[in-house]
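Biologist: I should like to learn how the meeting of two chains is read from a model. Would you take me through one case?

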Amino acid sequence: MNLTEADRTIINQLQGGFPLCEQPWAQLEQTLEIPADEIIQRIKTMQSAGLISRFGPLYHAEKMGGGLTLAAIKVPEERYEDVTDIVNSFDEVAHNYARDHELNMWFVVATETPEEIESVISDIEKQTGLKVYNMPKQQEFFLQLIFEV
Amino acid sequence: MNTAAPMISPEEIDAIDRKIIAATQQGLPLSQTPYHDVATELGLDVSEVINRMQAMLDKGIIRRIGIVPNHYKLGFKANGMSVWNVPDDKITELGQTIGAVDFVSHCYQRPRFLPEWPYNLFAMVHGKSREEVAEKVEHISRLLGNNDRGHDVLFSTKILKKTGLRISQ
């Protein structure tokens with residue numbers, strides 16, 4: 001899908017600050033100078049094409065009282081698929097990425113309470129027989145998730 | 001040291017907030033009246049939904065409201081997790097400097113695992129190619145100067161799993 005100028009404006013302007021009011025589109029129509037129906041239609045089209053993953057509020061897991069951490073494992077190549085299946089089988093594992101390093105599997109664990117993190121990590125260690133490097137964030141610096149297109 | 005944002009105790013979110021979170025965490029309806037639709041679904045007044053979501057925004061429980069682009073599909077195909085070994089006593093200042101760089105999306109302090117993992121600062125760098133990411137990492141290295149005691153970049157080679165965060169009611 002080729003992005004039009006209007007699509008780019010929508011992507012660049014709507015990554016934050018979607019109005020929280022009864023008539024959000026009417027407000028956007030003014031700032032973006034694109035008719036409301038067209039904005040909605042373009043978001044739908046971009047969502048179907050997979051260019052937009054989601055539309056709505058982005059919640060902060062820890063502030064909702066949940067636990068969140070980043071963890072990594074050194075997985076022997078011959079066991080990679082098997083370990084992927086084990087790690088992915090945990091509902092608490094939200095994202096999992098293969099990365100080109102000796103620590104070659106990196107995943108995010110999200111739990112309803114902070115205390116559950118330890119038990120999920122230790123269950124993964126037991127089931128895989130591998131050490132899990134648990135790297136919870138200690139400080140967060142300015143989270144900026146705006147991609148200019 | 002843990003200076004992460006103060007935790008909001010779960011008591012600050014009540015049952016109605018949780019209903020709103022459960023109904024909207026996968027997204028808002030793409031209709032003319034998204035908040036009305038959520039309110040109708042939950043049997044609430046639209047003003048209550050808006051006020052409660054505003055309170056959650058103010059407390060940081062909602063980070064932001066808007067579209068989340070798929071950066072990979074938008075052409076940012078190289079995603080490098082750059083990791084840095086910087087002096088602990090300067091990490092707050094250095095983290096703020098790196099976090100403010102426009103091509104860095106997330107920047108966190110995380111624990112080291114010595115001796116094999118000396119890195120305590122993580123910065124996610126996005127680019128259209130590995131070469132572009134490598135140039136951006138060099139730019140960070142120059143910003144850090146003598147405080148760069150070693151760094152590495154881990155490129156993702158495959159997404160093994162990707163789901164949203166889930167909360168139950």
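The dialogue below turns to the interface of chain B and chain A in this predicted model.

Biologist: How is the size of an interface often given?

Modeller: The size of an interface is often given as the accessible area lost when the parts come together. Here chain B and chain A bury about 7700 Å² between them, and 59% of that area lies on carbon and sulfur atoms. Of the area that chain B buries against chain A, 11% comes from B:Leu30, B:Arg63 and B:Ile67, more than from any other three residues.

Biologist: How many residues does each chain bring to the contact?

Modeller: Chain B brings 89 residues and chain A brings 76 residues.

Biologist: Which polar and charged links are found across the interface of chain B and chain A?

Modeller: There are 4 salt bridges across it. One of them joins B:Arg130 to A:Asp100, with 3.3 Å between the closest N and O atoms. Between the two chains, 41 residue pairs are in polar contact, with both residues at pLDDT 80 or more.

Biologist: Which element of chain B gives the most to the side that touches chain A?

Modeller: Strand E5 of chain B, residues 151-162, gives the most, with 11 residues. By class, that side of chain B has 48 nonpolar, 27 polar and 14 charged residues.

Biologist: Which strands of chain A and chain B are joined by bridges, and do they run parallel or antiparallel?

Modeller: Strand E1 of chain A (residues 52-59) and strand E1 of chain B (residues 62-69) run antiparallel and are joined by 7 bridges. Within this pairing, A:Pro57 has B:Ile65 as its bridge partner.

Technical notes. Residues numbered from 1 in each chain as written. Chains lettered and ligands numbered in written order. Predicted model: local features only at pLDDT ≥ 70, side-chain atom pairs only at ≥ 80, totals over all residues. Heavy atoms only, no water. Contact = heavy atoms within 4.5 Å. Buried area = accessible area lost by both parts, 1.4 Å probe. Salt bridge = Lys/Arg side-chain N within 4 Å of Asp/Glu carboxyl O. Polar contact = N/O pair within 3.5 Å; in protein donor to acceptor, adjacent residues only side chain to side chain. Helix = DSSP H or I, 4+ residues; strand = E, 2+ residues; numbered from the N terminus. Nonpolar A, V, L, I, M, F, W, Y, C, P; charged D, E, K, R; others polar. Pairing = 2+ DSSP bridges.
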